[in-house]
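This report introduces the nonpolar cores and the salt bridges of one protein chain to a reader who has not seen the structure before.

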Amino acid sequence: MIIAGVGISVLAVVLVGIVVARKVDGDSANYLVAGRRLGVPLVAASLMAAAVDSNATVGNTDLSASFGFWAGASLAIGLAICLLLTGLFLAKPMNRMKLFTLADFYRLRYGRGVEVASSVFMIFAFAILMAGNLVACGFLLERFLGLDYTVGVLVAVALVLVYTIGGGMFSDAYTAAIQIVITIAATVSLVVWFGATYGFEVADGMGPFDVEQLTQTSAGAPINWATLVALGIGDIVAIDFMQRIFAARNPETAQKSCFTGAAGTAIIGVAFAMVALSASSVLGLTTDAGPILFQLLDDYAPAGLTVLVLSGIVAASFSTASGAILATSAVAVRNIVGVRRVVSVKEEGVRDPLLLWTRVAMIPIVVLGVSVALKVAQTGILLTLAFDLMLAGLLVPFILGLFWKRGGTRAAVAALVVGVGVRLVLFVLTPTVYGVPNDVWYIPNDLIDASFDGWPTFWGFGASLLAYLVAAALWPRTVTEEAWAIADGMPDETVPAPRGAEPEPAV
């Protein structure tokens with residue numbers, strides 16, 4: 001019954017994604033940014049769906065039960081902070097720029113070289129994000145259907161591809177609306193059932209008001225703050241978030257959607273964390289037997305509730321994976337290969353190459369994400385690691401480049417190289433990553449022990465900021481760079497017109 005119920009919900013999501021694919025109408029502007037005509041409900045739903053994924057639910061509950069409220073809830077709270085900050089300072093100016101991808105900004109501000117370098121980095125980080133959601137789906141199918149973990153990951157990614165390849169941002173937005181309805185209903189039902197059945201009880205030192213989790217190293221304070229900073233600030237340069245902001249019909253819509261998404265993400269994340277803490281305290285559940293949330297649903301919850309919550313987790317994972325696949329494929333084709341939008345007005349036989357090759361690029365992007373999911377079977381850790389790297393390399397050039405004119409190409413390169421270099425060196429030298437063993441890439445040494453965990457996030461970000469400021473002071477943006485950026489900011493899409501007519505302006 002459980003698998004049948006979840007299967008029906010998944011089928012509904014996939015079918016909706018396929019049906020709305022007709023809105024693409026052969027135009028990459030429709031495919032990548034939904035023709036820039038989405039309203040608050042769809043943009044807010046898609047932003048919340050991208051935030052409330054398996055990392056912020058399954059990963060959240062595992063970390064909360066193991067290390068305390070702030071270890072897990074920080075995943076969702078950090079993402080909510082990101083959406084709040086984006087709404088306050090960035091949503092309006094970024095929507096006004098009429099970009100197709102976030103990497104377009106780096107080209108316009110710093111030139112082609114920085115565009116390519118930032119694009120490669122974005123693709124790598126979002127392959128990690130995609131992997132975190134595939135991991136949750138793999139574990140779910142393994143526990144409830146008896147499938148091998150690898151098979152579960154492959155089944156999940158195949159279903160996501162079915163509608164993402166067809167409908168792009170339109171499919172993502174409409175399926176996200178369904179996902180959010182399911183997730184909200186699941187969250188309310190889970191909280192009410194658990195409270196009525198077992199009551200909420202949190203062990204000493206593990207709750208939201210136990211501030212030692214944010215003040216004492218022994219209680220994981222550096223790791224918890226690193227999570228909040230990596231997601232709350234580093235996620236500002238999330239290409240899937242920005243893709244949805246670009247799809248809003250106007251700057252005001254983009255801003256309101258961010259605020260709505262922030263509120264919903266925080267509430268849902270806190271609710272899941274409190275259920276996990278109580279399940280650990282009252283029922284004695286631990287992660288030794290698998291994800292806490294899956295144990296609770298499989299062994300204690302009624303079948304109907306299990307179906308609802310699992311449907312929400314799967315739908316959330318699908319939505320986030322879909323957005324990550326779309327955004328990274330667009331960046332690969334448009335910003336690395338340099339393919340541009342071409343739309344036929346009335347002539348037959350003219351196909352938009354950006355649309356075509358973005359769809360083709362999804363296959364290698366998916367292969368990369370699956371490879372990471374099979375190598376590192378973690379959820380919340382993968383989310384934080386992805387944006388930890390973005391924080392170290394891309395945030396400073398983005399924020400300072402948007403609001404400060406002095407820094408040029410050299411400043412951006414310095415921030416990217418130094419920030420990422422410092423972060424990677426500290427990564428391979430630190431034996432743990434956000435509280436779990438570093439079995440991805442660790443070089444045994446006597447210089448750094450596990451007590452340093454969490455601090456590399458701040459060191460990488462600080463190094464990036466310092467490098468940008470020093471480079472901007474030594475080599476300010478030149479007149480040539482400014483002139484080139486203005487020229488490159490001209491419309492670069494080709495729109496063939498029918499014979500005897502003037503070309504239609506690029507979107």
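A salt bridge is counted here when a side-chain nitrogen of Lys or Arg lies within 4 Å of a carboxyl oxygen of Asp or Glu. By this rule, the predicted model contains 10 salt bridges. The table presents three of them.

| Acidic residue | Basic residue | N to O distance |
|---|---|---|
| Glu 115 | Arg 112 | 2.9 Å |
| Asp 172 | Arg 244 | 3.0 Å |
| Asp 388 | Arg 423 | 2.8 Å |

Glu 115 and Arg 112 are three residues apart in helix H7, which means that about one helical turn separates them. Glu 115 is buried, with 0% relative accessibility, whereas Arg 112 is partly exposed at 35%. Both residues belong to a network of salt bridges that also links Asp 104, Arg 107 and Arg 334.

Asp 172 lies in helix H8 and Arg 244 in helix H11, so their salt bridge ties together parts that are 72 residues apart in sequence. Asp 172 is buried at 0% relative accessibility, and Arg 244 is buried at 1%.

Asp 388 in helix H16 and Arg 423 in helix H18 link distant parts of the chain, 35 residues apart. Both Asp 388 and Arg 423 are buried.

The largest nonpolar core has 146 residues, and those with the most contacts inside it are Tyr 106, Leu 190 and Phe 398. Helix H7 supplies the largest share of this core, 17 residues. Beyond its neighbours within four places in sequence, Phe 398 is in contact with residues including Leu 90, Phe 105, Tyr 106 and Met 242. A second, separate core has 12 residues, among them Ala 230, Leu 426 and Val 433.

Notes
Residues numbered from 1 in each chain as written. Predicted model: local features only at pLDDT ≥ 70, side-chain atom pairs only at ≥ 80, totals over all residues. Heavy atoms only, no water. Core = buried A, V, L, I, M, F, W, Y, C linked by side-chain atoms within 4.5 Å. Buried < 20%, exposed > 50% of the residue type's maximum accessible area, 1.4 Å probe, protein only. Helix = DSSP H or I, 4+ residues; strand = E, 2+ residues; numbered from the N terminus. Contact = heavy atoms within 4.5 Å.
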